[in-house]
Amino acid sequence: MTLDPSLKPDVRAFLEAATSQPAGKTPTVTPTVAEVRHAAEALAARALPKDEVASVEEHWLESPLNHSLKLRIYRPQGNFDALPIVVFIHGGGWVRCSLDTHDTICRALCQRTPCLVVSVDYRLAPEHPFPAGLEDAYRASLWVEDNARALGGDPSKIAICGDSSGGNLAAVTAQKARDDGKPIFCFQLLVYPVTDYEFETPSFKTFAEGYGLTTERMRWYWHLYASPEDARSAQSSPLQGDVRNLPPTHIITAACDPLCDQAEAYGHKLREAGVAVTMKRYDGLIHGFWSMPGVYPSSWQGVEDSVKVLQQAFVGNGEF
C-alpha cells in the first residue's frame, strides 16, 4: 500500500520497518492478548530519554471487594507549595499497556509542567471488561481529590488526562464526576480519545490499515472490552453522553489516525454545549505518537504543547 505523503519521515520509517517481514516469516493475522501486551511493553522500552523527577512512589488503594488498585505518584524536582495534580489514565485499547508503558510521558508532564502525576493501574479487559476500568479510574480520582493536600497538591487544580482508550476513560470519568456533583476536575486533556462505538467515519476508512492502529484492531479491542449494548452507552461512548458543564478541555489528534474524526467530533460537541475547548491536529503523525517521543522524535512537539496547555489551565484554574 502507498502511505500518506504527509507522514513525518521518522513515522514513515517506523511504519515501513514494522510492515516488512523476514523471509519465511508470516505475520500473525489474529494476535493473542498476550502477544499485543508483549509488543506494547517492548515498544515502550524504546521510549527514551526519560525526564528525571524527584520521586516515583507506588500507592495501593485497598477495597472491601478484595481488589487492590495500584497508583504511581510522580513528584517533580524543586520546592513547591500545593502543586497542581494530573490524574493520568493510560491507553492501550482497554486491553494492553501499563504504568510502565506510559512512564516516559508521565515523567515529562510531571517535571516540565511541573505537577504531581498520579498514574492509574486500572484493570484490563478481557479479564476485567467494562465497567472495571471506568470504576478504577473514578475511584482513583475520588481518592486524589480527598488526599490532594496530603500529597502536597492543590485540590482546586486537578486535571484528568488520558490517551486513546485512556482518553475514553478520562472523558467518561469527567462526565460521571459532574453527574455525581463531584467538583474534582478543573481541566481535561484528551489525547486522540476513543469517543464512540462506530467505524464509519472518513478517518476510519482512509487509515483503516498501515498506520499502526487499524480499524480491525479497534473492533477487536471493543469486542474484548464491552458488549455491543454496553459499548453504545454513554459510559463507554462519551460522544453519546451529556457534555454540558464539563471542565475546559484540550483535545489532541493525529491526522493519520482512524480515531481522528470521532475525537474531533467530541470537541465540537463540547464546544456546542458551551464548554471551553481547544483542539490541535498534528499533521503527519499517527495514533500513539504522543506517548512515544523516543520512538517518534517528531512527536516531542505534542509533549511540549501539552505541558503549555496544562500550565495555562492551572494558572487560570482551568479557564482559558
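Here are a few worked exercises on the structure above.

The model is predicted, so local features need pLDDT of at least 70 and side-chain atom pairs pLDDT 80 or more, while totals for chains, interfaces and linings use all residues. Numbering starts from 1 along each chain as its sequence is written, and side-chain values use heavy atoms, leaving out hydrogens and water.

**Exercise 1. Work out the order of the strands in the sheet and find its edges.**

Step 1: Get the inventory: the protein has 10 helices and eight strands. These are DSSP runs numbered from the N terminus, with helices being H or I of at least four residues and strands E of at least two.

Step 2: Pair the strands up, where a pair needs at least two DSSP bridges. The eight strands give an open sheet, ordered 1-2-4-3-5-6-7-8, with mixed pairing.

Step 3: Look for strands that pair on one side only: these edges are strand 1 (55–61) and strand 8 (277–286).

Step 4: Zoom in on one edge. Strand 1 runs antiparallel to strand 2 (residues 69–75), and seven bridges join them. Trp60, for instance, has Lys70 in strand 2 as its bridge partner.

**Exercise 2. Say which strands helix 5 touches, and at what angle it lies to strand 5.**

Step 1: Use contact, meaning heavy atoms within 4.5 Å. Helix 5 (residues 165–179) packs on the sheet and touches strand 3 (83–89), strand 5 (153–163) and strand 6 (187–191).

Step 2: Compare directions, using lines fitted to C-alpha atoms (for helices, over the stretch in contact) and angles from 0 to 180 degrees between N-to-C directions. Helix 5 and strand 5 make about 135°.

**Exercise 3. Place Leu310: is it buried or exposed, and what does it touch?**

Step 1: Locate it: Leu310 is in helix 10 (residues 300–315).

Step 2: Check its cover. Buried means under 20% relative accessible area, exposed over 50%, partly exposed in between, with a 1.4 Å probe and protein chains only. Leu310 has 0%, so it's buried.

Step 3: List its contacts, skipping neighbours within four places in sequence: Val86, Leu109, Thr113, Ala159, Phe187 and Leu189.

Step 4: Pick out Leu109. It sits 201 residues from Leu310 in sequence, yet their C-alpha atoms are 8.7 Å apart.

**Exercise 4. Give the overall span and the buried share of the protein.**

Step 1: Along its principal axes, the C-alpha trace spans about 60 × 40 × 40 Å.

Step 2: Of the 320 residues, 56% count as buried.
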